[in-house]
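I open this notebook to record what I looked up in one molecular structure. The entries are kept short and are grouped by topic.

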Amino acid sequence: MNRAPFITFEGIEGAGKTTLALWLAERLKEARIPHLFTYEPGGSEIGYALRPLLLNAPLEPATELFLFLADRAQHVARTIRPALEQGTWVLCDRYTDSTLAYQGYARGLDLHWLRILNQLATDGLEPDLTVLIDAPVEVALRRATQRNRFEAQDVAFHEAVRQGYLQESKRAPQRFLVLDGTQPLSVLQEQLITELQARWGLWQAGRRDR
Ligand code: Z5A
């Protein structure tokens, strides 16, 4: 591979994505590995400006889809791809699988079209590893810190998102690491590090940079 690893974090709200991604960013910092933590929606300038609208305004499914995609197109072209090409690891809190899970499986937009539009928005940039933190809806929503229109959806909506993610993980098992988000954070951290060791040989036994 000519570029640095690209790792995305996915799951329903409150699953623990941001916590685990930021923890990994700290470990990379300690190991002096160049890295960037970023997120969607809002990783690009226009996405950041649109974020309040995306999270709170009553939008048609197609409208919200195009706004998420507009953010992603800018984010990939201006931030993610240049960083990867310079050798910087990119950790991204939500990416293309969020669109499939939320706009596709939960809102009901056509998955075939969503895959094509994701491809267009990213110019084909796929994560090397997607960490899916899976947790029952009632557990995750109890933890969720944000209050927005997604969170206000009923349990069936969040269950559809959860099942959508699990479906996607089965389509690409080599890309996904599915973690049980009901486990203590320390266990999730250990499982993530084991995966990184296996894939990229980081933090080999005996080294003390964790
Ligand atoms: N969206 C979309 O529809 N389509 C798209 O294409 C994209 C996004 C990109 C904004 O996402 C919304 O945009 C999102 C989908 C939609 N729907 N919502 N809401 P967001 O990422 O900005 O918001 P979020 O997913 O709701 O973030 P969150 O609530 O912060 O969830 P999280 O990052 O998974 O959780 P966390 O902040 O890491 O953890 C929450 C709490 O749980 C915190 O107090 C932690 O200390 C605690 N925690 C974490 N892990 C554990 C474990 N293992 N045990 C116990 N406690 C834990």
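The entries below cover the ligand, the salt bridges, the backbone and one helix residue.

**Entry 1. Kind of model**

I note at the outset that this is a predicted model.

**Entry 2. The ligand and its surroundings**

I began with the ligand and asked how many residues surround it. I found 29, and the closest are Lys 17, Thr 18, Thr 19, Arg 94 and Thr 99.

I then looked up three of these residues in turn. For Lys 17, a polar side-chain atom lies 2.6 Å from an oxygen atom of the ligand. For Thr 18, an N or O atom of the side chain is 2.5 Å from a ligand oxygen. For Thr 19, I recorded a distance of 2.5 Å between a side-chain N or O atom and an oxygen atom of the ligand. The ligand taken alone exposes 1100 Å², and the protein buries 85% of that area.

Which helices each supply at least two residues of the shell? I listed helix H1 (17-30), helix H2 (45-56), helix H3 (61-85), helix H4 (96-106) and helix H8 (185-200). The largest share comes from H4, with four residues. Sorted by class, the shell around the ligand holds ten nonpolar, twelve polar and seven charged residues.

**Entry 3. Arg 94**

I returned to Arg 94, since it is listed among the residues closest to the ligand. Arg 94 forms a salt bridge with Glu 13, and the closest N and O atoms are 3.8 Å apart. This pair links distant parts of the chain: Arg 94 is in the loop between strand S3 (89-93) and H4, Glu 13 is in the loop between strand S1 (6-10) and H1, and 81 residues separate them.

Are the two partners buried or exposed? Arg 94 has a relative accessible area of 14% and is therefore buried, the cut-off for that class being under 20%. Glu 13 also counts as buried, because its relative accessibility is 11%.

I also checked the backbone here. Phi of Arg 94 is near 80°, which is a positive value in a residue other than glycine.

**Entry 4. Further salt bridges**

I recorded ten salt bridges in the structure.

One of them joins the side chains of Arg 107 and Glu 64, at 2.7 Å from N to O. This pair, too, links distant parts of the chain: Arg 107 is in the loop between H4 and helix H5 (111-122), Glu 64 is in helix H3, and they are 43 residues apart. Glu 64 is buried, with a relative accessible area of 0%, whereas Arg 107 is partly exposed at 21%.

Another salt bridge connects Glu 168 and Arg 171, whose closest N and O atoms are 3.9 Å apart. Both residues lie in helix H7, three residues apart, which is about one turn of the helix. Glu 168 counts as buried at 3% relative accessibility, while Arg 171 counts as exposed at 56%. I also noted that Arg 115 is linked with Glu 168 and Arg 171 in a network of salt bridges.

**Entry 5. Ser 169**

I stayed with helix H7 (residues 155-171), which also contains Ser 169. Which residues are in contact with Ser 169, leaving aside its neighbours within four places in sequence? They are Leu 132, Phe 176 and Val 178. Ser 169 is buried, with a relative accessible area of 9%.

**Entry 6. Arg 27**

I looked up Arg 27 in helix H1. Its relative accessible area is 12%, so Arg 27 is buried. The C-alpha atoms of Arg 27 and Ile 193 are separated by 9.6 Å, although these residues are 166 apart along the chain.

**Entry 7. Backbone details**

Where is a cis peptide bond found? A cis peptide bond joins Glu 40 and Pro 41, with omega about -5°. Pro 41 belongs to the loop between strand S2 (35-39) and H2.

I last examined Asp 123, whose phi is near 50°, a positive value in a residue other than glycine. Asp 123 lies in the loop between H5 and strand S4 (129-134). With a relative accessibility of 63%, Asp 123 counts as exposed, whereas Arg 94, for which I had also noted a positive phi, counts as buried at 14%.

Terms used. Residues numbered from 1 in each chain as written. Predicted model: local features only at pLDDT ≥ 70, side-chain atom pairs only at ≥ 80, totals over all residues. Heavy atoms only, no water. Buried < 20%, exposed > 50% of the residue type's maximum accessible area, 1.4 Å probe, protein only. Contact = heavy atoms within 4.5 Å. Near = heavy atom within 4 Å. Polar contact = N/O pair within 3.5 Å; in protein donor to acceptor, adjacent residues only side chain to side chain. Areas by Shrake-Rupley, 256 points an atom, 1.4 Å probe, with all protein chains shown as cover. Nonpolar A, V, L, I, M, F, W, Y, C, P; charged D, E, K, R; others polar. Salt bridge = Lys/Arg side-chain N within 4 Å of Asp/Glu carboxyl O.
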